[in-house]
Amino acid sequence: MNDVIDSSLGSFSSTSAVDALPGQVGQTRRPFSGLGSTVTGTGTTTGSWAESTHSVIWLTRGGNRLPLARVGRRSWGTNLISVAVIALTSLIAASNLLDVYGSAAMWAVAAVPATLLGALIAYAGTAPALRLWWQIVFLIVAQGVIGPVIALNDTAISHVIPSVETLSQGFVSTFGAFKYLIAVPPPTGSGDGSLMAAWTICLWLSFLAGVFAIGDKRQLSVLSLLPIAIELVVCALLGTQTGFQPIASGVLIGLIMIVWLSWRWQLLELGRWISATIILLLAAGLGVGACMGIGQSRLILRDYYDPPLSPYDYASPLSGLRSYVKDHKDDTLLTVTNLPEGTPVRLAVMDQFDGNVWNLSDSTEASDSSDYRRVGTRIPNTVDGKKFTATFTIDKGLSDKWLPLAGAASSVDVTSAGKTGGANGNGGGESRSSADHTLFYYNESTQSAIIPAGLSTGMTYTESGIIAPTPTDKEIAKANAAVTNQPGTNQPGTKDVPDSVGKFASSVAGGEDTAGAQAQALVAQLKDSGWFSHGLTGDYPSLPGHGSYRINALLAGSAMVGDSEQYASAMALMARELGLPSRVVMGFLPKNDDGDISNDRTETVNGTSTVKFTGNDIEAWVEINLEGYGWVAFYPTPKETKIPDDNQNLTPPNPQTLVRQPPVPLTDPLRDEEQAHGKSALAGEDATDEPAASIWSTIGRIAAKVAIYGSPVWIPLLICLLILALKTVALARLRRHGDARQRITSGWQAVHALAGQSGIPVTGTRRDQAQAIARQLNIDGAPLIALGRQADYAAFSGQPVTPEQAGAYWRSVLTTRKLMLASQSFMRRLRTRLSLRGVFHNVRILSSIRTWRHGDKRKPDGRQPAKQRPVKRKSSTQQPAGQKPATQQPSAQQPSSQKGRQS
């Protein structure tokens with residue numbers, strides 16, 4: 001006996017091997033007949049090439065056709081195998097994200113559980129009670145609750161229970177994580193909920209592939225290739241240029257799916273495993289050879305993404321240097337633990353001079369120095385040197401957008417940032433989540449970072465990085481300038497540089513042979529000839545600023561007096577005049593009273609070193625790019641103990657004549673607002689103090705966030721509201737659609753559906769159903785029986801039914817439904833209201849009845865209506881004894897009892 005596939009229903013029926021049909025003598029129905037194969041008595045085949053006696057497949061079977069297994073409901077083991085294959089291929093497709101996250105373990109934390117959950121939720125559809133609606137609920141819980149707990153584990157309570165922050169950030173990261181992976185150069189790490197991207201991709205696509213894989217129709221199982229292919233493409237677009245073994249992954253997915261589909265379609269013959277293995281190896285070799293022979297070019301979305309950050313929009317950090325000394329000279333602004341002794345901490349790096357200020361260059365002019373990119377917790381780092389891991393704590397007074405860092409960073413973890421404190425660092429601003437702090441941009445060339453949310457008091461973060469070795473003075477003296485076409489040397493030109501800068505540079509360092517020697521000569525001359533003063537109250541007069549006028553006054557004026565702001569600007573400009581790639585750096589130096597870097601500033605207690613930086617430690621210095629050493633720091637500022645007075649000769653050496661008239665000096669010696677482009681610089685709050693935020697506005701913002709983010713119970717509540725709304729619409733549809741007779745019939749269907757949703761098995765006639773409902777719910781059965789009798793009358797009497805009767809019937813139906821619900825306990829009533837059993841079934845019946853009444857003479861169940869036959873009725877008159885009964889004629893009059901039985 002062979003099993004013949006019913007291609008439309010997916011069921012099977014047993015027939016004899018030779019089943020002669022009328023008009024088809026000598027023909028047989030062979031296996032795969034559901035696919036259109038008909039085998040004739042001559043041994044030829046129509047429709048299926050594989051079944052032909054001349055095909056290779058037929059010959060390899062030795063002339064015997066493969067018996068076909070049943071295609072009905074498959075065993076749970078078969079479905080589990082299909083689901084396991086889908087999970088395996090889904091993980092292989094998602095392996096393109098391994099390089100993005102930078103760690104296989106980090107990738108597996110999100111990809112593996114998401115893939116398994118998606119496959120298991122698809123497998124749950126094999127149980128009719130869990131199909132569709134419960135699967136949707138499972139997917140929502142997996143995406144909205146389980147995923148955020150795994151991807152944002154630090155925000156969860158005890159790392160297990162989701163908090164409001166976990167759920168709210170999880171919802172945002174569901175979509176924001178994809179933008180994060182595109183905007184952040186790999187490896188991104190797990191910061192800012194980036195794992196939600198892998199979780200979302202693996203969960204939903206493995207679910208869709210699993211649904212197609214375990215479907216009843218085996219032909220549709222090939223559609224499971226589509227979600228796997230989509231996952232492969234999406235992960236490749238989000239991945240890197242190299243990917244994780246792309247050729248091996250693609251070939252492996254192809255081979256697994258070929259073998260599985262062959263098994264799924266009952267075409268796999270394990271007895272011929274040698275031939276099958278040879279074919280698979282040839283296919284794999286052909287695939288690998290083609291990939292290696294054709295040039296590989298991968299489209300990466302990250303290469304076409306332009307981060308929406310322009311560092312040129314930020315005010316010059318150097319303009320606010322003196323305000324830190326004025327307002328926080330002795331205040332601790334930054335505390336760093338476990339930082340190597342004598343290590344500077346950078347705030348900002350500037351390489352563009354426009355005649356007024358040094359600033360960050362525009363990306364259109366210098367791609368290397370302005371290339372600030374959003375990064376995750378991991379940062380690519382190719383620097384050789386001493387590794388370290390230090391913890392930074394922002395103290396009161398340090399505020400703005402520049403994140404203090406040391407050396408070349410390999411990773412920065414700012415997830416432990418303080419969650420309170422305003423952007424101005426006074427601790428009284430609005431509350432901000434840690435997600436705001438984790439968004440920062442890093443420049444690998446300048447080794448500096450910008451945090452758009454701003455620094456706040458109490459903010460703590462950990463940096464792991466590398467400090468490059470510092471060359472000796474002799475090595476610097478022999479070094480040449482780096483080649484200008486190398487990375488990090490592409491710099492914009494300077495504008496409006498005074499002639500005194502070039503003359504001073506030429507007279508001091510023009511005779512040196514190497515770039516390193518020229519830089520050393522400039523530093524020595526500025527330290528020897530210059531004098532130090534911040535120009536504050538009690539100090540020797542010294543104008544602020546570092547523009548053309550101020551630098552010309554320093555080099556060619558009456559007094560060579562200033563602080564690191566002026567000396568660093570002057571040296572950087574002179575280096576540019578000599579053809580040296582230079583830039584100005586602003587940051588913290590662990591310096592002594594003379595202003596020199598000192599290891600004594602670092603205190604060690606119980607093996608933990610700590611250095612505290614004050615406002616007086618903020619300094620500016622110059623970096624010059626030397627061949628073989630990279631950017632080397634030079635400190636041209638004179639000793640801070642070298643204080644001028646009126647009895648000393650403060651005139652700079654070799655004064656030069658001014659070529660152009662300088663602009664009018666600023667009236668405010670402590671704040672160069674014009675040079676700052678009208679923007680507040682670092683700690684530029686000294687001019688005006690912003691009013692503290694109102695307590696009511698703070699409460700309002702908190703209440704608004706609570707209202708927006710809600711609570712963890714919102715998801716199940718929304719699902720419950722959706723179910724209740726759906727049932728209300730379905731009930732209204734039953735009540736108002738159709739003619740009066742149909743509405744009465746639908747009214748009983750509403751009672752029947754509510755009984756089924758209450759867990760009451762209702763079968764038989766309407767009277768039997770009414771009695772069963774009354775008995776199970778322990779209520780009066782008279783109203784139910786009356787409703788059933790009226791529905792029978794409307795359905796079978798053939799008498800006209802008015803809309804008023806239908807409306808009265810439905811009012812009784814609604815009253816009875818309320819009585820049925822009131823008789824149940826609270827939990828049972830809740831389950832009844834949320835049950836969807838019979839809702840869509842009633843709507844389908846309603847639609848089919850309406851179709852039948854408007855022209856389609858088939859009944860709602862698809863059967864043809866039975867032909868009407870005349871009913872024979874008995875005569876109501878008594879016949880005399882011994883007389884044969886007369887022939888019964890149809891009578892219009894019937895006994896009342898007969899009418900009752902008929903009705």
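Which residues does Lys 495 touch, not counting residues up to four places away in sequence? The legends below start there. They describe a predicted model.

**Figure 1. Lys 495 and its contacts from elsewhere in the chain.**
Lys 495 touches Phe 353, Asp 354 and Gly 355, with residues up to four places away in sequence left out. Lys 495 sits in the loop between helix H13 (473-478) and helix H14 (499-509). Its relative accessibility is 48%, so Lys 495 counts as partly exposed, a class that ends at 50%. Asn 356 is 139 residues from Lys 495 along the chain. The C-alpha atoms of Lys 495 and Asn 356 are 8.9 Å apart.

**Figure 2. Packing of helix H15 against helix H17.**
Two packed helices are described by the angle between their axes and the distance between the axes. Helix H15 covers residues 515-529, and helix H17 covers residues 564-577. Their angle is about 145 degrees, and their axes are 11 Å apart. The crossing of H15 and H17 is right-handed. H15 contributes Ala 519, Leu 522, Val 523 and Leu 526 to the contact. From H17, Tyr 567, Met 571, Met 574 and Ala 575 meet them. The residues of this contact are eight nonpolar, no polar and no charged.

**Figure 3. The largest nonpolar core, with Leu 403 and Leu 555.**
In soluble globular proteins, nonpolar side chains tend to be buried together. Here, the largest nonpolar core has 111 residues. Leu 403 and Leu 555 touch the most other members. Helix H7 (residues 195-213) supplies the largest share of this core, 10 residues. The view of Leu 403 takes in residues from several parts of the sequence, including Arg 346, Leu 347, Val 412 and Phe 440. Leu 403 also touches Ala 449, Ile 451, Leu 455, Met 459 and Tyr 461. These contacts of Leu 403 leave out residues up to four places away in sequence. A second core is separate and has 27 residues. Among its members are Ala 750, Val 751, Leu 777 and Val 801.

**Figure 4. Two asparagines with positive phi, Asn 338 and Asn 778.**
Most residues other than glycine have a negative phi. Phi of Asn 338 is near 65 degrees. Asn 338 lies in the loop between strand S6 (332-337) and strand S7 (345-350). At 36% relative accessibility, Asn 338 counts as partly exposed. Phi of Asn 778 is near 60 degrees. Asn 778 is in the loop between helix H21 (766-777) and helix H22 (782-796). Asn 778 counts as exposed because its relative accessibility, 70%, is over 50%.

**Figure 5. Two stretches with pLDDT below 50, residues 416-437 and residues 655-693.**
Residues 416-437 stay under 50 in pLDDT. The model gives this stretch 62 contacts beyond four places in sequence. Over residues 655-693 the pLDDT is also below 50. That stretch has 76 contacts beyond near neighbours in sequence. Where pLDDT is low, the predicted coordinates should not be read in detail. For the chain, the average pLDDT is 74, and 69% of the residues score at least 70.

**Figure 6. The chain that frames these views, with 26 helices and 23 strands.**
The chain has 903 residues, and 44% of them are buried. Take the contacts between residues at least 6 apart in sequence. Of these, 74% join residues at least 24 apart.

Note on methods: Residues numbered from 1 in each chain as written. Predicted model: local features only at pLDDT ≥ 70, side-chain atom pairs only at ≥ 80, totals over all residues. Heavy atoms only, no water. Helix = DSSP H or I, 4+ residues; strand = E, 2+ residues; numbered from the N terminus. Buried < 20%, exposed > 50% of the residue type's maximum accessible area, 1.4 Å probe, protein only. Contact = heavy atoms within 4.5 Å. Axes fitted to C-alpha atoms, helices over the stretch in contact; angles between N-to-C directions. Left-handed = near helix turned anticlockwise from the far one by under 90°. Nonpolar A, V, L, I, M, F, W, Y, C, P; charged D, E, K, R; others polar. Core = buried A, V, L, I, M, F, W, Y, C linked by side-chain atoms within 4.5 Å. pLDDT = per-residue confidence, 0-100.
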